[in-house]
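Here is a short report for a reader meeting this structure for the first time. Keep the sequence and the model in view while reading.

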Amino acid sequence: MKRLISLLLILAVCCGFAACSKPAVEYKTEIVGEWMAPGMNAAAVFNADGTGELTMNGKHTVTWSYIPDTDRYVVNGDKTYSVAAGKEYDMAYISIDGVDFYRFDDYDKALTLLVSRRYEDIIELTAGMTKIDTNTSYDLANGVTIQFTDITVSRGDADDGLRLDFLVMNNRTDKITDGLTLSPNYKLYLYDRIDAVEKKDHGVLLSSLDAESSANGFLRLPLDAKTDTTISQFGRVIGVVYFEMYGSFYYIDLGDYFR
């Protein structure tokens with residue numbers, strides 16, 4: 001009887017230990033190593049001892065730790081960053097503040113993927129639009145047409161741009177008095193920016209035009225001062241300028257001129 005009681009006590013103690021013990025938490029270290037962000041002036045180094053350095057909007061000494069409950073990393077420096085790790089096309093990556101970093105060995109492959117995605121975005125945007133060709137007539141209104149006689153790269157003190165030389169022809173029997181305007185939209189990817197630059201502009205082509213006459217003019221489309229570094233990184237500026245003329249949309253591929 002005493003042996004039975006002793007056995008039961010031993011079993012009770014063992015069960016108590018089992019109930020108190022917790023399964024071991026997996027502490028991940030996949031963040032350790034050197035990383036670069038394609039298309040951005042950003043890099044990161046995370047050491048196995050929890051220290052590191054983050055170069056993004058300046059250089060920062062940081063510490064890092066893994067949070068099992070969220071399966072994410074926390075990086076502390078000038079501020080606190082929540083960092084997710086993953087894998088894409090057999091490439092490991094970490095995402096910091098929306099910027100994706102890849103291993104040094106995968107940099108070229110990651111850059112090719114980034115450029116490809118940006119091209120896909122521009123192709124999707126311009127689906128259904130007509131690409132502008134020089135010396136082709138396009139309708140502005142009934143009896144009024146425009147030809148872009150030349151499209152050239154324009155350099156400025158603060159930024160670059162395109163110069164559109166055009167010829168407007170008024171084939172009507174009445175004078176144009178209300179003016180002709182163009183409102184171009186921009187979407188382009190520049191070096192050291194996470195997302196595309198998007199903006200809208202407004203230009204006056206002509207204030208008036210006599211009946212059955214024509215007039216020459218030009219319109220400058222300003223871009224940004226980072227076209228040179230963008231070309232160096234991506235091979236060209238990936239983006240378009242697009243606008244509506246008499247109910248139809250047209251676009252100019254910036255990669256044809258900035259490459």
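Leaving aside its neighbours within four places in sequence, which residues is Phe243 in contact with? The list runs to Ile132, Phe148, Leu182, Ser183, Pro184, Ser248, Phe249, Tyr250 and Ile252. Bear in mind that this is a predicted model.

**The cores**

Phe243 belongs to the largest nonpolar core, which has 34 residues. Phe243 is one of those with the most contacts inside that core, along with Ile132, Ile146, Phe148 and Met245. Apart from it lies another core, of 20 residues. Val62, Tyr81, Ile96 and Phe101 are among the members of that second core.

**A mixed sheet of five strands**

Phe243 and Met245 fall within strand S18, which covers 238–245. S18 sits in an open sheet of five strands, ordered S9-S19-S18-S14-S15. The pairing in this sheet is mixed. S9 (130–131) and S15 are the edge strands, and each pairs on one side only. S9 runs parallel to S19 (residues 248–253), and two bridges join them. Across that pair, Lys131 stands opposite Tyr251 in S19.

A helix goes with this sheet. H2 lies across S14, S18 and S19. Its direction is about 5° from that of S18.

**An antiparallel sheet of four strands**

Another open sheet takes the order S10-S11-S12-S17. Here the pairing is antiparallel. Why is one side of S10 (137–141) left without a neighbour in the sheet? S10 stands at an edge with a single partner strand, so one of its sides has no neighbour. Strand S17 (213–222) stands at an edge too, also with a single partner strand. From one strand to the next, the twist averages 35°.

S10 is joined to S11 (residues 144–155) by four bridges. In this pair, Ser137 stands opposite Gln147 in S11.

**A run of hairpins**

Strands S5 (residues 72–76), S6 (residues 80–88), S7 (residues 91–96) and S8 follow another pattern of pairing. The table sets out the pairs.

| Pair | Bridges | Direction |
|---|---|---|
| S5 and S6 | four bridges | antiparallel |
| S6 and S7 | six bridges | antiparallel |
| S7 and S8 | four bridges | antiparallel |

Begin with S5 and S6. They form a hairpin with three residues between them. Val75 has Tyr81 as its bridge partner in S6. Tyr81 also counts among the residues of the 20-residue core.

Next come S6 and S7. Two residues separate the strands of their hairpin, and Tyr89 there takes a positive phi near 50°. Val83 is the bridge partner of Ile96 in S7. Gly86 is matched with Tyr93, again in S7. Ile96 is also a member of the 20-residue core.

Then S7 and S8. This hairpin has two residues between its strands. Asp97 lies in the turn, with a positive phi of about 50°. Ser95 stands opposite Asp100 in S8.

**The largest pocket**

Asp100 leads on to the largest pocket. How much space lies in this pocket? It holds about 290 Å³. The lining has 16 residues. Pro38, Asp100, Leu114, Arg118 and Ile194 lie nearest the centre. S8 (99–103) and H2 (107–126) each supply at least two residues of the lining. H2 gives the most, with five residues. So the helix that lies across S14, S18 and S19 also lines the largest pocket.

**The loop at Asp195**

Where does Asp195 lie? Its place is the loop between S14 (185–189) and S15 (197–200). Is Asp195 buried or exposed? Its relative accessibility is 56%, so Asp195 counts as exposed; the cut-off for exposed is over 50%. Asp195 and Val99 are 96 residues apart in sequence. In space, their C-alpha atoms are 9.7 Å apart.

Note on methods
Residues numbered from 1 in each chain as written. Predicted model: local features only at pLDDT ≥ 70, side-chain atom pairs only at ≥ 80, totals over all residues. Heavy atoms only, no water. Pairing = 2+ DSSP bridges. Axes fitted to C-alpha atoms, helices over the stretch in contact; angles between N-to-C directions. Core = buried A, V, L, I, M, F, W, Y, C linked by side-chain atoms within 4.5 Å. Buried < 20%, exposed > 50% of the residue type's maximum accessible area, 1.4 Å probe, protein only. Contact = heavy atoms within 4.5 Å. 1 Å grid on protein atoms, 1.4 Å probe; cavity = no way out; pocket = protein on both sides within 12 Å on 5 of 7 lines; lining within 4 Å. Points joined across faces, edges and corners; volume = space filled by probe spheres on them.
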